[in-house]
Amino acid sequence: MKIVMEQKKDSKPLTKQSNIEKENKPVALNIKKLNIYYGDNHAVKDVSFSIEKNAVTALIGPSGCGKSTFLRSINRMNDLIPGARSTGGIIYEDVNLIGDDINVVALRKEIGMVFQKPNPFPKSIYNNITHALKFNGIRSKKKLDVIVEESLRKAALWDEVKDRLHESALSLSGGQQQRLCIARTLAMKPSILLLDEPASALDPISNAKIEDLIMELKKEYTIIIVTHNMHQASRISDKTAFFLNGVLVEFDQTDKIFTNPSKKDTEDYITGRFG
Amino acid sequence: MNSKVTDRIATSIFYLIAATIVTVLVGLLGYIIFHGFSKLNLEFLTSPSSSFRAGGGIGNQLFNSFYILFLTMVFTVPLGLGGGIYMAEYARPGRLTNAIRTCIEVLASLPSIVIGMFGLLMFVNLTGWGYSILGGALALTVFNLPVMVRVCEDALRTVQRDQKEASLALGITHWHTIKTVLLPAAFPSILTGAILASGRVFGEAAALLFTAGLTTPTLDFSNWNPFDSTSPLNVFRPAETLAVHIWAVNTQGLIPDVREVADGSSAVLIISVLIFNLLARWIGSAVHKKITASK
């Protein structure tokens, strides 16, 4: 699967090796001076940081601070918004995802996304997962069955739905629907998962299940999660990035951010003084 | 006057309006069907009309109506679907799109008699076909297309945005998303729109007066070769539809039973349109259940 349609031979890409030397941990995404605009609105300003592989990175901040915009720029979902443009770099496997030469269809298979509101297709549970697989040419029933089971197991949903795979996905509860959406994304075998407040529309029990699932999934995937729930961020993430008015105020180990933040704004936000 | 009383008055006014509408509708339908009821028999529905004697039927007219309707929908649905998909999914907001939208709206509000005149120039004179079924169907396509484009566009737009995002986020192309997510979700409304448009087409007379004509040649219903001049399937023959027939017998009919034929034809017409409407609902919900796997 090629993300870049035409790779420029002469451009010297940033090698993964240099990142490892710098941070001692493999890097999944390297964000360099990223700016995102919606028309005249400068939504994300000069953001630079790197996202660790096989770890959970939480993005926190008040509504409208640019964290969702940032998340949606990683798999180019912002392309759907007329007037949205970005500059700078999101480097993934030596490739700048911001470029015009990016094959967004291939990119979105590598970097999957789960949305705030569970959005299963109004099809059967089984077809929700096979929808994208069939598009990618997997037709064999046997193969599809295997991937469906595997994905549902990974999303901790298999035991609940294995006897009703051909019922409508809309008959599931909200929490189950959200795990189905995760399963559907996992079926594409992505390397990075983008979660946009995946549990905010769910009840506490479903919420806890999603959190357990995220802890389980980070062994295999790099996870970036936007959340408004401070407790959730502190419970599940390894690193936390605090955004305010489009600026990355602080990025550090989650423990550090929640116990001893170095910026006053961060402290004010996590202690609930604004936002 | 306190708010409780106001609320009660408003409620009763709306009930009154609803009751008026229902009464008028039921009264109208009842009147037409009651008067035409005696004519609703197989003989009237199948025998050819007569020019002078009493006892003529509407067999040819009924066939012509359905045939023209069928051809019109064959032209309208793919074009309307394509236009609707373009307007909903591909057209970028801007001057060109606004111009196209204005054109569609103007076209949609053109009086059907004007479309009839246009059809006369285009499909009758310019093509040299004379009055023909094909000309009538094309004129009705012009008449119907803007509505169909609008119906398809609206149906696609009302599909929730998160469905589209879900599909695109899975690495599925725009076109495949339209095909497998948006169109199935929009299908019930598109179908309903198409069937309601059928009702409009079926009852249309003015646009057909100058395009499909006021006469029907003698038809041989055992001859199904579409290139033969006596074949009912021949698209280049003139064809008087049911709605045109009602107008014709009322204004220039020489038969003694003008009143009965007109009443009977009206009843058949209105029952057909009623059936279209019921079908629209029934098929729409059946298909919706099938594709969403809901019970």
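**A walk through a two-chain model**

Let us begin where the two chains meet: 26 residues of chain A and 18 residues of chain B make up the contact, where two residues count as touching if their C-beta atoms, placed from the backbone, lie within 7 Å. On the side of chain A that touches chain B, α3 (104–110), β6 (111–114), α4 (125–135) and α7 (174–186) each supply at least two residues. The largest share there, four residues, comes from α3(A). Sorted by class, that side of chain A holds 12 nonpolar, eight polar and six charged residues. Here Ala, Val, Leu, Ile, Met, Phe, Trp, Tyr, Cys and Pro count as nonpolar, Asp, Glu, Lys and Arg as charged, and the others, Gly among them, as polar.

A word on how to read all this. This is a predicted model, in which local features need pLDDT of at least 70 and side-chain atom pairs count only at pLDDT 80 or more, while totals for chains, interfaces and linings use all residues. Residues are numbered from 1 along each chain as its sequence is written, and chains are lettered from A and ligands numbered from 1 in the order in which they are written. Helices (H or I, at least four residues) and strands (E, at least two) are DSSP runs, numbered from the N terminus.

Now look inside chain A for an open sheet of four strands, with the order β2-β1-β4-β5 and antiparallel pairing; two strands pair if DSSP finds at least two bridges between them. Its edge strands are β2 (41–52) and β5 (95–96), each pairing on one side only. Strand β4 (residues 84–92) of chain A joins β5(A) in the antiparallel sense over two bridges, and A:Tyr92 has A:Val95 of β5(A) as its bridge partner.

Which strands does α2(A) lie across? They are β1, β2 and β4 of chain A, and the helix runs at about 65 degrees to β2(A). Axes are lines fitted to C-alpha atoms, for helices over the stretch in contact, and angles run from 0 to 180 degrees between N-to-C directions. Helix α2 (residues 67–74) of chain A is mostly covered, with eight of its eight residues buried. Among them are A:Phe70, A:Leu71 and A:Ile74. A residue is buried if 20 or more other C-beta atoms lie within 10 Å of its own, exposed if 12 or fewer, and partly exposed in between, with C-beta atoms placed from the backbone.

After α2(A) comes A:Arg76, whose phi is positive, near 65 degrees. Most residues other than glycine have a negative phi. A:Lys33, in strand β1 (residues 27–38) of chain A, also has a positive phi, near 45 degrees. This lysine, A:Lys33, is exposed because 11 other C-beta atoms lie within 10 Å. In the loop between β9 (239–244) and β10 (247–253) of chain A sits A:Asn245, with a positive phi near 50 degrees. A:Asn245 is partly exposed, with 15 other C-beta atoms within 10 Å.

Another loop of chain A, between β7 (192–196) and α8 (204–217), holds A:Ala199. Is A:Ala199 buried or exposed? A:Ala199 counts as buried, because 26 C-beta neighbours lie inside 10 Å. Not counting residues up to four places away in sequence, A:Ala199 touches A:Asn207, A:Ile210, A:Glu211 and A:Gln232.

Finally, turn to chain B, which is divided into domain 1 (1–39) and domain 2 (41–292), with bounds from an automatic or database domain assignment. Their centres, taken over C-alpha atoms, are 30 Å apart. Seven residues from domain 1 of chain B and eight residues from domain 2 of chain B form the contact between them.
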